[in-house]
Amino acid sequence: AAFGLLRQRDFAVTVAIAFFAAAASPFYYNFVFLYLTDPGALGLTPSTANWAQSLGQVVEVAVLLALAASLRRLGLKRILLIGIAAQAARYGAFALGGPPWLVIGSIGLHGFIFTFYFVGLVIAVEELSDPEYRASAQGLLAFARGGVGALLGQLLAGKVYDACALPGGGHNWAVIFAIP
């Protein structure tokens, strides 16, 4: 039943963007710690890199608490746009490679990416689908994000990581993070 919803432009665009955002996610989840601790990149100690990564979860909790008020004030479309723009900005900061405060600060954008975009997607699919098709529509979203999108992202991220290995060691992080 959910595949029939793909004939609706808004639903199809929502699922397509969710697919591509999910395909980009492994670049962050798989490589952020390696990037932060690589002496040729930020060169943080592992404990500092772990601390920096937890900024994303701290912001995520705060943004989750503000989600209902944000939806009322900004509306669902703006929430989704902020979330996907945050993902692009985070990858942009990582591709730039510095200054370190910018890269570490961009990790905090994870809260907006997860809450505004990925939680917002679930809300959007609820609104875009008829009650009798909501479970199927959410299943299709989960398949696009956690299934096909995630699989493609894992395969692509691995290939890009291998292709960006530098002869003397390390990786070309600017290219790795510019792709998503």
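**Figure 1. Arginine 73 in helix 3 of the predicted model.** Arginine 73 is a residue of helix 3 in this predicted model. With a relative accessible area of 73%, arginine 73 is exposed, because a value over 50% is counted as such. A second residue, glutamate 132, lies 59 residues away from arginine 73 along the chain, and 29 Å separate the C-alpha atoms of the two.

**Figure 2. The crossing of helix 3 and helix 6.** The axes of helix 3 and helix 6 come within 7 Å, and the angle at which they cross is roughly 45°. The two helices are therefore oblique to each other. Helix 3 passes helix 6 in a right-handed crossing. On the helix 3 side, the contact is made by Gly56, Gln57, Val59, Glu60, Val63, Leu64, Leu67, Ser70 and Leu71. Helix 6 contributes His110, Gly111, Phe112, Phe114, Thr115, Phe116, Val119 and Ile123.

**Figure 3. Helix 6, its bend and its surroundings.** Helix 6 comprises residues 110-128, 19 residues in total. From its first C-alpha to its last it reaches 25 Å, close to the 27 Å expected at 1.5 Å a residue. At glycine 120, helix 6 bends by about 35°. Glycine 120 is also one of the buried residues of helix 6. The others in this group are His110, Gly111, Ile113, Thr115, Phe116, Tyr117, Phe118, Leu121, Ala124 and Val125. The elements that cover the buried residues of helix 6 include helix 2 (9-37), helix 3 (46-74), helix 4 (76-96), helix 5 (100-107) and helix 7 (134-163).

**Figure 4. Helix 2 and its kink at phenylalanine 31.** Helix 2 contains 29 residues, which should span 42 Å at 1.5 Å a residue. Its end C-alpha atoms are 43 Å apart, in agreement with that expectation. A kink of about 55° is present in helix 2 and is centred on phenylalanine 31.

**Figure 5. Helix 2 against helix 7, with alanine 157.** Helix 2 and helix 7 have axes that come within 7 Å and cross at roughly 40°. Helix 2 and helix 7 are therefore oblique to each other, and their crossing is right-handed. Alanine 157 belongs to helix 7 and counts as buried, at 0% relative accessibility. When neighbours within four places in sequence are left aside, alanine 157 is in contact with Pro26, Phe27 and Phe31. Of these contacts, Phe31 is the residue on which the helix 2 kink is centred. The C-alpha atoms of alanine 157 and isoleucine 179 are 9.1 Å apart in space, with their positions 22 residues apart in sequence.

**Figure 6. Helix 4, helix 5 and the loop that lies between them.** The loop between helix 4 and helix 5 includes proline 99. Glycine 98 and proline 99 are joined by a cis peptide bond, for which omega is about 5°. The axes of helix 4 and helix 5 come within 9 Å and cross at roughly 155°. Helix 4 and helix 5 are therefore roughly antiparallel to each other, since angles over 145 degrees are placed in that class. The crossing of helix 4 and helix 5 is left-handed. Helix 4 takes part in the contact through Arg90, Ala93, Phe94 and Leu96, and helix 5 through Leu102, Val103, Ser106 and Ile107.

Note on methods: Residues numbered from 1 in each chain as written. Predicted model: local features only at pLDDT ≥ 70, side-chain atom pairs only at ≥ 80, totals over all residues. Heavy atoms only, no water. Helix = DSSP H or I, 4+ residues; strand = E, 2+ residues; numbered from the N terminus. Expected span 1.5 Å × (residues − 1). Bend = angle between axes of the 7 residues up to and from the residue. Buried < 20%, exposed > 50% of the residue type's maximum accessible area, 1.4 Å probe, protein only. Contact = heavy atoms within 4.5 Å. Axes fitted to C-alpha atoms, helices over the stretch in contact; angles between N-to-C directions. Parallel < 35°, antiparallel > 145°, perpendicular 65-115°, else oblique. Left-handed = near helix turned anticlockwise from the far one by under 90°.
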